[in-house]
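Here is a short report to read alongside a protein chain. Take a moment to turn the picture around before you start.

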Amino acid sequence: MRFSVVIPVFNRAELLKSAIASVLAQTARDFELIIVDDGSDDDVGAAVSEFSDSRIILSRQQNRGASAARNRGIDAARGRHVAFLDSDDLYLPHHLAAADAALEIRTTR
């Protein structure tokens, strides 16, 4: 697997849906998506369950902050590279493909 995309989330279930959709719309398809719920009060699980994709992994923890959530995502990552996306942000469709190309150039030098 090329990429592990980590999205830490706290009380942004509605915004999270757009972030997830932007990752699933990537032209590069070799990724897993790890969503770390950092003790949200809203229903992050329901937002995630709207997507039926085996590459999505939901991890939950007590609220410890975004850095702890990112670290938990890193610990769960199986991809060669880790990419981060905030729960209120989006990837453009070629984001991972562009990152992959840049990493490939860098590693062949």
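The report below goes from the whole chain to one strand and its neighbours.

## The whole chain

Keep in mind as you read that this is a predicted model. The chain has four helices and four strands. If you follow the chain from the N terminus, the elements come in the order β-α-β-α-β-α-β-α.

How does the radius of gyration compare with that of a compact globule? For 109 residues, such a globule would have a value near 13 Å, and the chain has 14 Å, so the two agree. Along the principal axes, the C-alpha atoms fill a box of roughly 45 × 25 × 20 Å.

## Inside and outside

Of the 109 residues, 41% count as buried. Contacts in the chain with a separation of 6 or more can also be sorted by distance along the sequence: residues 24 or more positions apart account for 75% of them.

What about the outside? The chain exposes about 6,000 Å², and carbon and sulfur atoms supply 50% of this area. The chain also carries 13 positive and 16 negative charges, and the mean positions of these two groups are 7 Å apart.

## Strand β1 and its partners

Now zoom in on strand β1, which covers residues 3-9. Seven of its seven residues are buried. In a regular strand, the side chains alternate between the two faces of the sheet. You can follow this in β1: F3, V5, I7 and V9 point one way, while S4, V6 and P8 point the other way, and all are buried.

Which strands pair with β1? One is β2 (residues 31-38), which pairs with β1 in the parallel sense over seven bridges. Strand β4 also runs parallel to β1, and four bridges join the two. S4 is a handy residue to look for: its bridge partner in β2 is E32, and in β4 it stands opposite V82.

## A look at β4 and R2

Strand β4 spans residues 81-84, and its side chains alternate too. H81 and A83 point to one face and are buried, whereas V82 and F84 point to the other and are not.

Finally, find R2 in the segment before β1. Is R2 buried or exposed? Its relative accessibility is 14%, and the cut-off for buried is under 20%, so R2 counts as buried. Leaving aside neighbours within four places in sequence, R2 is in contact with D30, G79, R80, H81, D100 and E104. One of these, H81, is among the buried residues of β4.

Terms used. Residues numbered from 1 in each chain as written. Predicted model: local features only at pLDDT ≥ 70, side-chain atom pairs only at ≥ 80, totals over all residues. Heavy atoms only, no water. Rg over C-alpha atoms; globule rule 2.2 N^0.38 Å. Buried < 20%, exposed > 50% of the residue type's maximum accessible area, 1.4 Å probe, protein only. Contact = heavy atoms within 4.5 Å. Areas by Shrake-Rupley, 256 points an atom, 1.4 Å probe, with all protein chains shown as cover. Lys, Arg positive; Asp, Glu negative; His and termini not counted. Charge placed at Lys NZ, Arg CZ, Asp CG, Glu CD. Pairing = 2+ DSSP bridges.
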